[in-house]
Amino acid sequence: MQTSTADFLNSDLPEPSELAGFDPTGPQRFFNRELSWLAFNWRVLEEASNKRVPLLERLRFLSISANNLDEFYTVRVAGLRELASSGNTTPAADGLTPAEQLVLIDTDARALMKEQQSCWKALRAEMEDHGIVVVPRKSLTKSECAAMEQMFLSRVFPVLTPLAVDPAHPFPFIPNGGFVLALMLRRRTDGRRLRALLPIPHQINRFVPLPGGSKGKPQRFLPLEDLLLMHLEHLFPGYELTGDCVFRLLRDSDLEIEEEAEDLVREFEVALKRRRRGQVVRMKISARAPAELREMIVQELALKPDEIIDIKGMIGIVDLKELVLDTRPDLLWPSYTPRIPERVQDHEGDIFGAVRQKDMLLHHPYESFDMVVRFLQQAARDPNVLAIKQTLYRTSKAGRPAVWQCLWCHLPGIYY
């Protein structure tokens, strides 16, 4: 009986074969770290097209892929750019110099961003079929326009800072992640032209819900940049819009710390301030941007062609996470209830007793984070505890650790 070759445990090993032109001792045997990371992010994006994944979870994957790529540029690509600009030609283990890596990264990343736009277009159509619609400002009814004007005046207008760009008002500093609406305006009385920037505030959600969305009716959203364009008269009285575009910047956010510094806290403070004002590593701009506006932005930011990406579609795909609605559980993964470790239950909730029996490793979110809270509460009440020390790594916005945490309670001669 012939053994199936799929059963590798019981099958004979195949005869080795040689790859033509491959040197097993040379740099070809290594995968480039940066290109391998991009390949991983391609796989993240592929989940956004996986029909077995609920619709809004696919939208979440699309947002994650965009956020991953932003972080990749602000740290990894920024570091390579510094090496290349300093004239470093030392090849990595795979034989590629920093400049060669940047060329390959740029080609692959541009293809990835193009695929993100195609994915968003497909998901947007599916979302409309399920009653979640992102609409342009021209599609609003009179009653919706009135409601949006009230919302603009009460919530958005107070946090806006319109900025003229002329000889008396130089081009402003745009921080890392800055999302800006660029405007070309003309005064109605004498035709005087004005160029201006309107930074889009982070305090307001990117997608503004329109009134009227209820059970059985579509839930409609208006992009924040469209809301701003609808109400430019409040910001620039007497002017009319002649052209506009949006752009978004990423800056070098790589931290360089001198570990032997006398004051490490001060060293970090200075490094964080310096990171905010790092060099621009990438700018996305609307492909439809008027030539005059585009030229002004590129010139003022001193950008090179390989640092500019023209986008036909949505800029700031990372903001799509706002449309992952908790009110649509039918389009999300079923909610998960974290488990309580059996050993804690066996000790009737006594965390010290459970740990005293055996070390405990909690895996969040599969095991309840409440165990950590109980541990802290029990340690705080115990008069024998001398100190509580906790190390968190990569906490989420909700304050919970995204990766791991270590927690110690110091009793005389004992660590829990």
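**Exercise 1. Arg195 and its partner**

Decide whether Arg195 counts as buried, partly exposed or exposed.

*Solution.*
Step 1. Buried means under 20% relative accessible area, exposed means over 50%, and partly exposed lies in between (1.4 Å probe, protein chains only).
Step 2. Arg195 has 30% relative accessibility and therefore counts as partly exposed.
Step 3. The model is predicted: local features need pLDDT of at least 70, side-chain atom pairs count only at pLDDT 80 or more, and totals for chains, interfaces and linings use all residues. Residues are numbered from 1 along each chain as its sequence is written, and side-chain values use heavy atoms, with hydrogens and water left out.
Step 4. The partner of Arg195 in a salt bridge (a side-chain nitrogen of Lys or Arg within 4 Å of a carboxyl oxygen of Asp or Glu) is Glu292, with the closest N and O atoms 3.9 Å apart.
Step 5. Helices (H or I, at least four residues) and strands (E, at least two) are DSSP runs, numbered from the N terminus. Because Glu292 belongs to helix α8 (residues 291–300) and Arg195 to strand β4 (residues 193–199), the pair ties together parts that are 97 residues apart in sequence.
Step 6. Glu292, at 29% relative accessibility, is partly exposed.

**Exercise 2. Further salt bridges**

State how many salt bridges a search of the whole structure finds, and describe the one between Glu144 and Arg220.

*Solution.*
Step 1. The search of the whole structure gives 24 salt bridges.
Step 2. In the bridge between Glu144 and Arg220, the closest N and O atoms are 2.2 Å apart. This pair links distant parts of the chain, since Glu144 is in helix α4 (residues 142–156) and Arg220 in strand β6 (residues 219–223), 76 residues apart.
Step 3. Glu144 has 8% relative accessibility and is therefore buried.
Step 4. Another salt bridge joins the side chains of Arg33 and Glu34, at 3.3 Å from N to O. Arg33 is exposed at 56% relative accessibility, whereas Glu34 is buried at 4%.

**Exercise 3. Strand β3 and its neighbours**

How many residues of strand β3 (residues 179–187) are buried, and how many bridges join β3 to strand β7 and to β4?

*Solution.*
Step 1. Seven of the nine residues of β3 are buried, so this strand is largely enclosed by the rest of the structure.
Step 2. Two strands pair if DSSP finds at least two bridges between them. Strands of a sheet pair through backbone hydrogen bonds, either parallel or antiparallel.
Step 3. β3 and β7 (residues 239–251) run antiparallel and are joined by nine bridges; Leu183 stands opposite Asp244 in β7.
Step 4. β3 and β4 also run antiparallel, joined by seven bridges, and Leu181 stands opposite Leu198 in β4.
Step 5. β3 and β4 form a hairpin with five residues between them, and Gly191 in the turn has a positive phi of about 75 degrees.

**Exercise 4. The open sheet**

Give the order of the three strands in the open sheet and name the strands at its edges.

*Solution.*
Step 1. The order is β1-β6-β5, and the pairing is mixed.
Step 2. The edges are β1 (132–134) and β5 (207–209); each has a single partner strand, so one side of each is left without a neighbour in the sheet.
Step 3. β5 and β6 run antiparallel and are joined by three bridges. The bridge partner of Phe207 is Pro223 in β6.

**Exercise 5. Aromatic rings**

Count the aromatic pairs in the structure and characterise the pair of Trp37 and Phe72.

*Solution.*
Step 1. Rings of Phe, Tyr and Trp (its six-membered ring) pair if their centres lie within 6.5 Å; planes under 30 degrees apart count as stacked, over 60 as edge-to-face and the rest as tilted.
Step 2. There are six aromatic pairs in the structure. Trp37 and Phe72 form a stacked pair, 4.5 Å centre to centre with 0 degrees between the planes.
Step 3. Trp37 lies in helix α1 (residues 33–47) and Phe72 in helix α2 (residues 55–85), 35 residues apart.
Step 4. Trp37 is partly exposed at 25% relative accessibility, while Phe72 is buried at 3%.
Step 5. The ring centres of Phe72 and Tyr73 are 6.2 Å apart and the planes stand at 90 degrees, so this pair is edge-to-face.
Step 6. Trp37, Phe40, Phe72 and Tyr73 form one aromatic cluster.
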